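Trainee: I should like to go through this structure with you, one question at a time. Please show the sequence and the model first.

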Amino acid sequence: MENEHTGSRRNHWTFLTNHARVLIAIARDPGVRLRDIAAGCDLTERTVQAIVTDLETDGYLTRTRDGRRNRYAIAPGARFRHPAEAGLEIAGLLAYLTGPHGTPPTPTPPTPAPPVTATATADDAPHGDGALPLL
């Protein structure tokens, strides 16, 4: 018996919505063409156009004409819509997902401390009782 949690449908879910994917594409290249977003997100141009309109209407981005093309700017301080993340700005997620080639930065391993080397001198040698000499 198949339900919503089994079968082939279960293998087709993703973490990001189409709106998030379009916004990420614009964050990576503010001069990107809608057809390029559509190809990269596996969506139709019409769907991408509707998503861009949604994002613009809700204040997530602005669109300006630059010659024959559009140029987009993501609104600074734009926040997530869902109540669970409502206090958080989308800028952090976009920065994380738009890093070099969409991969998170590689953490730098801690630098090991230099080895401590002690040089013994004749004055450091223990005297009969094991105590170091007084200076």
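Trainee: What covers the buried residues of α2?

Mentor: This is a predicted model, in which local features need pLDDT of at least 70, side-chain atom pairs count only at pLDDT 80 or more, and totals for chains, interfaces and linings use all residues. Residues are numbered from 1 along each chain as its sequence is written, and side-chain values use heavy atoms, with hydrogens and water left out. Helices (H or I, at least four residues) and strands (E, at least two) are DSSP runs numbered from the N terminus. The cover of the buried residues of α2, by contact (heavy atoms within 4.5 Å), includes α1 (18-28), α3 (45-57) and β2 (69-74).

Trainee: Which residues of α2 are buried, and which exposed residues does the face turned away carry?

Mentor: Buried means under 20% relative accessible area, exposed over 50%, and partly exposed in between (1.4 Å probe, protein chains only). In α2 (residues 34-41), the buried residues are Leu34, Ile37, Ala38 and Cys41. Seen down the axis of α2, they fall within an arc of 100 degrees (directions from the helix axis to the C-beta atoms), so they line one face. The face turned away from the buried side carries the exposed Ala39 and Gly40.

Trainee: Which residues outside its four-place sequence neighbourhood does Val22 contact?

Mentor: Val22 is among the residues with the most contacts inside the largest nonpolar core, which has 22 residues. Such a core is a set of buried Ala, Val, Leu, Ile, Met, Phe, Trp, Tyr and Cys residues joined through side-chain atoms within 4.5 Å. Leaving aside neighbours within four places in sequence, Val22 contacts Ile37, Cys41, Leu43, Val48, Ile51, Val52 and Leu55.
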